[in-house]
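Visitor: Please take me through one part of this model in detail. I would like to look closely at a single sheet and what packs on it.

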Amino acid sequence: MDYFLELFLGGLTRGSIYALIALGYTMVYGIVQLINFAHGEIYMIGAFTALIVASVLTILGLNSVAILVIATAAAIVYSSAYGYTVEKIAYKPLRNAPRLSPLISAIGMSIFLQNYVLLAQTSDFLPFPRLIPEFAFMEPVSHIFSSAELVIVATTMIVMVLLTLFIKFTNIGKAMRATAQDKTMALLIGIDVDRVISVTFIIGSSLAALGGVLIANHIGQINFYIGFIAGIKAFTAAVLGGIGSIPGAVLGALILGWTESFATGYVSSDYEDVFAFALLVLILIFRPAGLLGKAETKKV
Amino acid sequence: MKKLLLFAVLAAMFVFAGCSQKPKEEAKPAEAPAAEAAAPAATGDVIKIGVAGAHSGDLASYGLPSVKAAEFVVKDINDKGGLLGKKVELVVVDDVCKPEVAVSSANKLVSEHVVAVLGHICSGATKAAMGTYLAAKIPVMSPSATSPELTKSGEYPNFFRTIAPDDSQARLEIDYITNVLKLKKIAIIHDKGDYGKGLAEFAKGFAEADKKLDIVLYEGITPGAVDYSAIVQKIKQSGAEVVLYGGYHPEAAKIVSLLAKKKLNVKFVSDDGVKDDTFIKVAGQYAEGVYATGPKDVSKNPLAIEATKKHKDAYGEDPGAFYLNAYTAMLAITNAIEKAGSTDYDKLTNALRTEDVETPIGKIKFDDKGDAIGAEFSVYQVQNGAYVEVQ
């Protein structure tokens, strides 16, 4: 039973990690129907920014909570700026182009950003400082569930709820939904579509940055390539849950996390990815729009 | 206004890039003092030694250092009057590390009547060329071909090497766990890659043959994954006392950290891919006590220092891969010719097997199979943030 619980918690952490990245993917897709392949790179840039800021602040001798808050804030601001810029440069000019063009542009942006960080920083793995302190109340269970893991799981849940509320009830949230439904119509009733899309990218990138800081803290090392692998898994999770759906992204990510964790625990880690993707195929056969996705009815 | 903002953001991006730009390592183009060392003696008898390996193509960086090493050794010998009263001449051929090219390279060397060959560089190319050399009775010494088959199969009595074979790390790790750490339950984990999995398979084979260790877990992990807690829990569940990991340092660092965080009291033994300072940097305090095997430390060997200095003086940079192994091989070949007093195949191979020679990697000679005795791996342990040789 203990073993099951440990695997369950491990899967929960892993799923929450995927979810933090998947939320940004799914949100951007929901609004502009674009798979933002550069999302993983925004996540990686967030982690790098936090590392640089945290290193500087450590030299200045700030306490650990201040470092965590400032580094996370810096990562969010910086990544948002990247997300905003990437949209303006690579996606906006292609908004009315065939769907394949922005997709290729997104892949290009992903490769560009990877190589940019590779050249500007280093190809080596860099140690990422442990920014999240060990909470005293977690001490008795820390060998099965650490403080950092608790923070990741809690953040994912909070972000999911806030995001859902934001899209349901705020004005900009309503404008987002309107834009998602019909861009031209939204424009006609006076919604600034450009602004809505920019805000979407900024929010998506902020989430990626937040994920970058928490995940890098958990793993303890970063390099220019981390965004790619994490991005692929998060994308899978978003598709599994129904791309465009926010609770769906979290659900898909958790299912993916648990599948991998239990497959490793009870079968063999050799087949971890095999199980994960076999599950994806199975779910897509029976629910082509994903678990919580709405099947689109084609307007004829 | 918007354009201005966009511009500001773009500018910020490049400032970031500018600030963090690391000073690039000086990569001077090597102004090679050409192969003058290999210049043929105008007339009379010369002793020809072949140098084969990848000198162009994407693996050239593995092969070119051995040419330079051979040139330095030959230049020294010729400056002192040559070998057996004759000048030594190098015949350099490029096999691009491709087995099919290696065979024609070998044929070329045979037709040039070389007495011995330094090379080839890649195991596959070496294997392909060996038949040709064996038929022509030419001893071959590789500085870098690590495939165990080359020596262990006994098919190539004319093959020698100055690098330890792939399985010797696994052998050393298993012996260390059995005899020094005196542990019994072992979990063997690998990263599914050629290197890591190959090593893990050798280790598994040795452990099974010895019957002293109990393999409680044998599994591959996915490199680059965000979380390894499931495999760590599985290690815990298996009751392993020691983890043997075949792979590279990024995953090793993640696993070692998790083992410590999950409060598992197991020893961690790994390979050359983990014996890297980045591992200590990344795993930090969790790296303490980790064992890793790696080539014996030669940084204090006077011959190694001298050989490296020669390269630095001539090319202005540190030598590349397998340079010292090639330097060693060239010394071993020329020494054997001198000791044998002849270039006859039987006398030469006998001298290689019986005569000790001082080289940059220590005092070596060769065993019956052709592996260098003395070119072994050592066990290192992380102590106070640095790898220390423990055996």
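Guide: Here is the open sheet of chain B, followed by its setting in the chain and the complex. The model is predicted. Chain B has a mean pLDDT of 86, and 89% of its residues reach 70 or more. One stretch needs caution: over residues 17-43 of chain B the pLDDT is below 50.

Now the sheet. Five strands of chain B lie in the order β2-β1-β3-β4-β5, and their pairing is parallel. The edges are β2 (87-94) and β5 (159-161) of chain B. Each has a single partner strand, so one side of each is left without a neighbour in the sheet. On average, neighbouring strands are turned by 25 degrees against each other, direction ignored.

Look next at one pair. Strands β3 (residues 116-118) and β4 (residues 140-142) of chain B run parallel and are joined by two bridges. Here L118(B) stands opposite M141(B) of β4(B).

A helix packs on this sheet. It is α12 of chain B, residues 323-340. Helix α12 touches β1 (46-53), β2, β3 and β4 of chain B. Its direction makes about 165 degrees with that of β3(B).

Step back to the chain. The domain assignment gives chain B domain 1 (45-163 + 300-373) and domain 2 (167-289). Their centres, taken over C-alpha atoms, are 35 Å apart.

Last, the partner chain. Chain B gives 32 residues to the contact and chain A gives 35. Elements of chain B that supply two or more residues there include α1 (2-20), β7 (214-220) and α9 (249-261). For the complex, the predictor gives an ipTM of 0.87 and a pTM of 0.78.

Conventions
Residues numbered from 1 in each chain as written. Chains lettered and ligands numbered in written order. Predicted model: local features only at pLDDT ≥ 70, side-chain atom pairs only at ≥ 80, totals over all residues. pLDDT = per-residue confidence, 0-100. Contact = placed C-beta atoms within 7 Å. Helix = DSSP H or I, 4+ residues; strand = E, 2+ residues; numbered from the N terminus. Domains from an automatic or database assignment. Pairing = 2+ DSSP bridges. Axes fitted to C-alpha atoms, helices over the stretch in contact; angles between N-to-C directions.
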